[in-house]
Amino acid sequence: MIKNYLKIAIRQLRKQKMYAAIKVGGFALSIAACLLIGLYIKDEISYDKSYPDTNRIYRFLTNAPIDGKIQRWTFLQAPFAAAIKSNFPEAEKTARVMASPLFDGAGSNELRRADKMENTHEEGFAYADQELLDILKLPMIYGDRGHALAEPFTMVITKKKADKYFPGQNPVGKIMYLNNDVKKPYKIGGVIKDFPATSYLQYDFFLTLKDKELWQGEQTSWVANNYDTYIIARPGTNATVLQKKITTVMFKNYIIPSLLKVGFKSATTMFAHATIDMQPIADIHLKSYNIYDYSKHGDIRFIWLFGAVAGFILVIACINFINLSTAKSANRAKEVGLRKVVGSSRFSLIKQFLTESMLFSFLSFGLGMILAVVLLPYFNTLAGKSLTIPWGAMWLLPLMVLAAVIIGIVAGIYPAFYLSSFKPASVLKGSISNGSKNSVLRNGLVVFQFTTSVVLIICTIVVYNQMQFILNKDLCYDKNQVVVIQGANILGNDVKNFKNELLKMSSVKSASISDYLPVEGTKRNGNTFTVEGREKIDAGVGGQSWVVDNDYLKTMGLQLAEGRNFDPAVTTDSTAIIINETLAKKLNLKHPIGKKITNNGTIIGVVKDFNFESLREPIGGLVLHWGISPSIITVKVNAANMQSTMAGISSTWKKFSPSEPIRYTFLDERFTSMYADVQRMGHIFTSFAVLAIIIACLGLFALAAFMAEQRSKEIGIRKVLGASVESIARLLSLDFVKLVALAIIIASPIAWWAMTKWLQDFTYRAPISWWIFAGAGIVAIVIALATVSFQSIKAAIANPIKALRSE
């Protein structure tokens, strides 16, 4: 019987080639999209689940209401980890990681073997306790995990770095220098296996925290927050109960008393409703989008977005199948009637139609997997991944077969019940043929398809509009034609001489030495500020404290609102500061010049506010100190002959550092890279909007062809009575335009709500204007008209004799 069902199904497929191609093609496109999105989601949810004790490992983070908003951060005090271990028996071990590029050694360094002279720039440095290796149970290639970081000035490196610097050797015990600092040699204590791509910890070098002090007294200070702190809880520990105990004890006994002791009078109020939470390590990658840390991670909202898009695209393809199956019911009606007359049961007819549906589903899955292979490189670029299809996985083939059966049944169940319900008497009298024109369901499904497509079109326009707003917003500093030279700290005492040589070039307008730039990836230094003399009266104001030289304002194109710049000729400027307008307002300084900020200096100038963080954040308080922070040199150049200018800068660099290649980027490129996720989202919406429209239009094209076929006699009569080609084409197209217009009306508020929620992440955002909805609507209508017009015009110009000769 199954063999007979398949024969009939194949016969139907051959008989209606166009409709079959549209069904299979639409399904295949949607299945390819779902496969790729499924690979992405599987990769994202697998982060940090490979550690032996993953379920017992947590990262601490603080939640506190600040300025009316809940702020979340991971940075804790140096003695926090030891206090947890000594106060709570539930803590088996605790460990700290410090990856802030603010401190020498963390972030990036120039690295070399002790027996080599050439440095190599390396990223991925972090300070860590020995206990981190024990908590994570990192697999060792060389060395003893229990002692690899136990001694001062030891380091652990990954296998790929060991192979790079010591190919074919055991590097344990070898010496390496950071930034040419031969006074602080680091001994390799061990080599660990490379972190998998599905780990949020992507470090290649761990420097020991044994006997390390960032400054004198730092390791016992409760008022400086620089460390991510991890805990492995003892088996059976209730994390919710433990974090409540930790919150109470740590704030009451340690944090608040220490802050009050140094004059931070608002500490009690600030932390009255604060909590210390334990975040499972497996949650860090996807559930840290609103947490301030130094790590790059994903976003659980992206997972929901991708999943929803995949679901909608698959539903659109299923709708095509249902629409075309029910629309062609008249062509199958007599077949159903005759089968029932000769004894076929309704159940056997349902099995027949479901067999056809599953045949389409299996063909679509086969083609969809081929398309997924072809599109995977593009998708990897789109999503910023390196995904592969796991052909060798035991679960892949059974999952594909099961999915094909389920989708075949889901898509075919309604047409099967609908077609098998025809009554033989009605069918054989010919009355069912008009019944197939009952199109309430089909129209509803077409509206759903285009509603989804229009939502994606609107989202694409909004994301693109926001990206253009970001790139073109006046940031109140000049990011154009600014060269950012990195790794200048290896020049040592010659860094100022190098800058002076650059200033002699006619194409160089100015140059500045400072590691603090208004883009991500440069140093940050959070502090709390109060006006001198008002420490016990006013609450402290949070902000950044940057070290810059006297040419910084000129190089960055910053403007002073009042006061003056730093002047090398004024000796007292070594203790002077410049603040921004926001900090002046928050400190209630109407006339700030000459006022003193506690532990900072005397205000000599106020710089106009500029966006030194992401546009997702409001402008915060900022203090500029005069000094040298020598890892980065920024150079403002004339754009007239950029190639010659860069050659001159490179030549000057070689004079000072002949064995080290120059590394540079441009400030505007660094700024744009801050919003790579926004650009990626725009590309995602564009790609899926195009895919959804293609699938919807395939169904619309076939439906238009069928409706033209069903109304061929009506069209013939109208032509005989004098109707023009234009009026007939308009008649056939108008019904579809009405459906698309309804879809636009439904889609607009949905898209507005979704994009309003998304834009809430940005303090500075482009408005969602009416023209976005109008533009999306026009695009949808034009696409729909272009899709149905071919069939409409074809039907309108057909010879009416062919349609009426049987009458």
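# Strands, helices and turns in a predicted model

Biologist: What makes S14 and S23 a pair of strands?

Modeller: Strand S14 (residues 482–486) and strand S23 (residues 632–637) are joined by five bridges, in the antiparallel sense. Pairing requires at least two bridges between two strands, so S14 and S23 count as paired. Isoleucine 485 faces isoleucine 633 of S23 in this pairing. Keep in mind that the model is predicted.

Biologist: Where do S14 and S23 sit in their sheet?

Modeller: The order is S15-S23-S14-S24. This is an open sheet of four strands, and the pairing is antiparallel.

Biologist: What makes S15 and S24 edge strands?

Modeller: Strand S15 (508–513) and strand S24 (663–666) each have a single partner strand, so one side of each lacks a neighbour in the sheet. Neighbouring strands here are turned by 25° against each other on average, direction ignored.

Biologist: Why is S17 called largely enclosed?

Modeller: Buried means under 20% relative accessible area. Six of the eight residues of strand S17 (residues 541–548) are buried, so the rest of the structure largely encloses this strand.

Biologist: Which strands pair with S17, parallel or antiparallel?

Modeller: Strand S16 (residues 526–529) runs antiparallel to S17, with four bridges. There, asparagine 527 has glycine 543 as its bridge partner. Strand S22 (residues 621–626) pairs with S17 in the parallel sense, over six bridges. Tryptophan 546 is matched with leucine 624 in S22.

Biologist: How do you know that S21 is mostly covered?

Modeller: By the count of buried residues. In strand S21 (residues 601–607), six of seven residues are buried.

Biologist: Which strands are bridged to S21, and in what sense?

Modeller: Strand S18 (residues 560–563) runs antiparallel to S21, with three bridges. Strand S19 (residues 576–580) runs parallel to S21, with five. Strand S20 (residues 596–597) is antiparallel to S21 and has two bridges. The threshold for pairing is at least two bridges, so S20 and S21 count as a pair.

Biologist: Which residues stand opposite glycine 605?

Modeller: Glycine 563 has glycine 605 as its bridge partner in S21. Isoleucine 578 also stands opposite glycine 605. At S20, isoleucine 597 faces glycine 601 of S21.

Biologist: What links S20 to S21?

Modeller: A hairpin, with three residues between the strands. Asparagine 599 lies in the turn and has a positive phi of about 60°.

Biologist: How do you know that H10 falls short of a straight helix?

Modeller: Compare the spans. Helix H10 (residues 346–383) has 38 residues, and a straight helix would reach 56 Å at 1.5 Å a residue. The end C-alpha atoms are only 48 Å apart.

Biologist: Where is the kink in H10?

Modeller: At leucine 375, shortly before proline 377. The kink is about 50°. Glycine 384 follows H10, with a positive phi near 70°.

Biologist: Why are H15 and H18 called roughly antiparallel?

Modeller: Helix H15 (residues 495–503) and helix H18 (residues 642–656) cross at roughly 150°. Angles over 145 degrees count as roughly antiparallel. The pair therefore takes that label. The axes come within 10 Å, and the crossing is right-handed.

Biologist: Why does methionine 505 count as buried?

Modeller: The cut-off is under 20%. Methionine 505 has a relative accessibility of 17%, so it is buried. This residue lies in the loop between H15 and S15. The C-alpha atoms of methionine 505 and glycine 648 are separated by 7.8 Å, though the two residues are 143 residues apart along the chain.

Biologist: Why is glutamine 481 called partly exposed?

Modeller: Partly exposed lies between under 20% and over 50%. Glutamine 481 is at 31%, so it counts as partly exposed. It sits in the loop between helix H14 (440–472) and S14. Its phi is near 55°, a positive value in a residue other than glycine.

Biologist: What makes asparagine 588 exposed?

Modeller: Exposed means over 50%. Asparagine 588 has a relative accessible area of 65%, so it is exposed. Asparagine 588 is in the loop between helix H17 (581–586) and S20. Its phi is positive, near 60°, and the residue is other than glycine.

Conventions. Residues numbered from 1 in each chain as written. Predicted model: local features only at pLDDT ≥ 70, side-chain atom pairs only at ≥ 80, totals over all residues. Heavy atoms only, no water. Buried < 20%, exposed > 50% of the residue type's maximum accessible area, 1.4 Å probe, protein only. Expected span 1.5 Å × (residues − 1). Bend = angle between axes of the 7 residues up to and from the residue. Axes fitted to C-alpha atoms, helices over the stretch in contact; angles between N-to-C directions. Parallel < 35°, antiparallel > 145°, perpendicular 65-115°, else oblique. Left-handed = near helix turned anticlockwise from the far one by under 90°.
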